[in-house]
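The following exercises invite the reader to examine a protein model and to work through its packing step by step. Please study the display before turning to the solutions.

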Amino acid sequence: MGKFNPFSFFKTGKKTSNFDPAPVSPEHSISVQKGKKTFTQGGESTYALRSVDFQAEIGELVMIVGPSGSGKTTLLSVIAGTLRCDEGSVTVLGRRLDNLSSNQITDFRRQNIGFIFQQFHLIPTLTCAENVSIPLLLQGWKSKPALEKAKEGLEAVGLGSKINQFPKKLSGGQQQRVAIARALVHDPELIICDEPTSALDSETGIKVMDLISAQAKKRTVIIVTHDNRIYKYADRIVELEDGQIISSTGKTHV
Ligand SMILES: Nc1ncnc2c1ncn2[C@@H]1O[C@H](COP(=O)(O)OP(=O)(O)O)[C@@H](O)[C@H]1O
Ligand SMILES: [Mg+2]
């Protein structure tokens, strides 16, 4: 229920070849305005997002924190375009997602967003290089150049020797580095992370955060986390409670 679905990233959609996903000089990299989302089940309504205003800038690393059930995954899903708000506007990289069709959002996501999840979500029957090449294949790349690019990506995260290995042969930290390479291979402007360090020990979590935070210089990085060991990497920490933002603190103010 309400879980951020990692595989919506792989969702198939009809190609909308005329769609130009290029951003149009956004004021903010991300802006959710008066975002509302209610889930109704068995006649009962849950106000997952009450009226949320959330912004993030290019180059900013924003962490979204808060107790279980406070709406973190819902907010992340709305920004990723895997869930639509009932009311309010969602602008990501200059695009109003609420004005796009589902196929356009799928295309937009494939072009512009990289995902990193707590449980890595690597495909066990594919080698590391094949896993990393997936975002490129979804964009229509041929497999040979996609694999070449994937290998470069794995080298960049220090896993050049694991190119032809299967994920289960790797440690958790190494698997997350493969997932980071996969999230970056198509050079997305937005990186979305759901609890990226929660399955890792402290030292490995720090290494993973070093890699992720290095990406925030030219992209926007949004991380949902419970892990206070990594708060120091945030430019800003946004706290949710009961479907509302109750604080936004840090080095940057939006
Ligand atoms: N698909 C859904 N159907 C019904 N209720 C949902 C669904 N998704 C989320 N919720 C409810 O919305 C609230 C916020 O959920 P969520 O965004 O997953 O919180 P968090 O990620 O902070 O734990 C919770 O009360 C949750 O039970
Ligand atoms: Mg959640």
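**Exercise 1.** Is the crossing of α3 and α5 left-handed or right-handed?

*Solution.* The model under study is predicted. Begin with the geometry of the pair: helix α3 (residues 128–138) and α5 pack at an angle of about 30°, and their axes are 7 Å apart. Angles under 35 degrees count as roughly parallel, so α3 is roughly parallel to α5. Next, identify the residues that make the contact: α3 contributes Cys-128, Asn-131, Val-132, Ile-134 and Pro-135, while α5 contributes Val-178, Ala-181 and Arg-182. Finally, the handedness: the crossing of α3 and α5 is right-handed.

**Exercise 2.** Determine how α5 and α6 are arranged relative to each other.

*Solution.* First, take the angle and the distance: α5 packs with helix α6 (residues 202–214) at about 15°, the axes being 10 Å apart. The two helices are therefore roughly parallel to each other. The crossing in which α5 passes α6 is right-handed. On the α5 side, the contact is made by Gly-172, Gly-173, Gln-176, Arg-177 and Ile-180. On the α6 side, the residues are Thr-204, Lys-207, Val-208, Leu-211 and Ile-212.

**Exercise 3.** In what order do the 4 strands of the open sheet stand, and which strands are at the edges?

*Solution.* The order is β2-β1-β4-β5, with antiparallel pairing. The strands at the edges are β2 (44–56) and β5 (95–96); each has a single partner strand, so one side of each is left without a neighbour in the sheet. Now consider one pair in detail: strand β1 (residues 30–41) is joined to β2 by 9 bridges, and Ile-30 stands opposite Ala-56 in β2. As a last step, add the helix that packs on the sheet: α1 (residues 72–80) touches β1, β2 and β4 (87–92), and its direction makes about 120° with that of β1.

**Exercise 4.** Which helix gives the largest share of the largest nonpolar core, and what does Leu-154 touch?

*Solution.* In soluble globular proteins, nonpolar side chains tend to be buried together. Here the largest nonpolar core has 66 residues, and those with the most contacts inside it include Ile-64, Leu-75, Ile-116 and Leu-154. Its largest share, 6 residues, comes from helix α5 (residues 172–184). Leaving aside residues up to four places away in sequence, Leu-154 touches Cys-128, Ala-129, Val-132, Leu-159, Gly-160, Lys-162, Ile-163, Val-178 and Ala-181.

Notes: Residues numbered from 1 in each chain as written. Chains lettered and ligands numbered in written order. Predicted model: local features only at pLDDT ≥ 70, side-chain atom pairs only at ≥ 80, totals over all residues. Core = buried A, V, L, I, M, F, W, Y, C linked by C-beta atoms within 7 Å. Buried ≥ 20, exposed ≤ 12 C-beta atoms within 10 Å, placed from the backbone. Contact = placed C-beta atoms within 7 Å. Pairing = 2+ DSSP bridges. Axes fitted to C-alpha atoms, helices over the stretch in contact; angles between N-to-C directions. Parallel < 35°, antiparallel > 145°, perpendicular 65-115°, else oblique. Left-handed = near helix turned anticlockwise from the far one by under 90°.
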